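Q: Please take a close look at the charged pair in this model, then work outward from there to the rest of the fold. Plain wording will do.

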Amino acid sequence: KQLLNPQIPVQMMLVSINPLGDTPEQLKTFFDKPDFKKAHFKGLTGEREEIQKLAGQIGVYVQETMPDFGHIEHSGSLLVINPAGDLTALITNPNDPQMIAQDLHKIMRYRRG
């Protein structure tokens, strides 16, 4: 977010795919860390079924069942959702901050026409 134009309104969100391990209290603690406070991240979680439904609607992979050892396979993609709630872009690895900022600038210029 620090690489973007400060006049561009961007809200960054992380959707937890592990509602058992990522409670609202744990997400708050995680996002209160200095590195995340600067970016003004918001963390979202919900029931497992809701998370699976959201993942299916936006086309990202989340492992169906929770393994015994706690690691859940999932996509590392970043989704760009416009103010109307539509999926505008999908940014895949490598998640390089400079490249992401450049891509977001291009997307926003294109959307403005």
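A: D32 is partly exposed, because its relative accessibility is 34%; the term covers values between buried (under 20% relative accessible area) and exposed (over 50%), with a 1.4 Å probe and protein chains only. The model is a predicted one, in which local features need pLDDT of at least 70 and side-chain atom pairs count only at pLDDT 80 or more, while totals for chains, interfaces and linings use all residues. Residues are numbered from 1 along each chain as its sequence is written, and side-chain values use heavy atoms, with hydrogens and water left out.

The partner of D32 is K28: their side chains meet in a salt bridge, with 2.8 Å from N to O. The term requires a side-chain nitrogen of Lys or Arg within 4 Å of a carboxyl oxygen of Asp or Glu. Side chains of opposite charge can pair when their charged atoms come close. K28 has 53% relative accessibility and therefore counts as exposed, whereas D32 is partly exposed. A search of the whole structure finds 1 salt bridge.

F31 leads from this part of the chain to K42. The C-alpha atoms of F31 and K42 are separated by 7.3 Å, with their positions 11 residues apart along the chain. K42 is found in strand β2, residues 42–44; strands here are DSSP runs of E with at least two residues, helices are runs of H or I with at least four, and both are numbered from the N terminus. Leaving aside neighbours within four places in sequence, K42 is in contact (heavy atoms within 4.5 Å) with F31 and also with Q11, M12, M13 and L14. K42 counts as partly exposed because its relative accessible area is 43%.

M13, one of the contacts of K42, belongs with V15, L44 and L54 to a nonpolar surface patch of about 310 Å². Patches are made of residues with over 30% relative accessible area and no salt bridge, where nonpolar side chains (Val, Leu, Ile, Met, Phe, Trp, Tyr) are joined within 5 Å and like charges within 9 Å. Accessible areas come from the Shrake-Rupley method with a 1.4 Å probe, and for residues only the protein chains shown count as cover. L54 sits in helix α3, which spans residues 48–58. At 34% relative accessibility, L54 is partly exposed. L54 and V15 are 39 residues apart in sequence, and their C-alpha atoms are 9.7 Å apart in space.

Now the interior. The largest nonpolar core has 12 residues: L4, I8, V10, M12, V80, A89, I91, I100, A101, L104, I107 and M108. A core of this kind is a set of buried Ala, Val, Leu, Ile, Met, Phe, Trp, Tyr and Cys residues joined through side-chain atoms within 4.5 Å. Helix α4 (97–112) and strand β4 each supply at least two residues of this core, and α4 gives the most, with 5. Apart from this core lies another, of 5 residues, including I17, I51, A55 and V60.

Within the 12-residue core, L104 lies in helix α4. L104 counts as buried because its relative accessibility is 15%. Neighbours up to four places away aside, L104 is in contact with L4, V80 and I91. Its C-alpha atom and that of A89, 15 residues apart along the chain, are separated by 9.1 Å. V80, with the same exclusion of residues up to four places away, touches D86, L87, T88, A89, I91, L104 and I107.

Strand β3 (residues 78–81) runs antiparallel to β4 (residues 87–91), and 4 bridges join them; two strands pair if DSSP finds at least two bridges between them. L79 has L90 in β4 as its bridge partner, and I81 has L87. The hairpin of β3 and β4 has 5 residues between the strands, and G85 takes a positive phi near 90° in this hairpin.

For the chain as a whole, the count is 4 helices and 4 strands, in the order β-α-α-β-α-β-β-α along the sequence. The protein has 113 residues, 27% of which count as buried. The accessible surface comes to about 8,400 Å², and carbon and sulfur atoms account for 56% of that area. Of the contacts between residues at least 6 apart in sequence, 45% join residues at least 24 apart.
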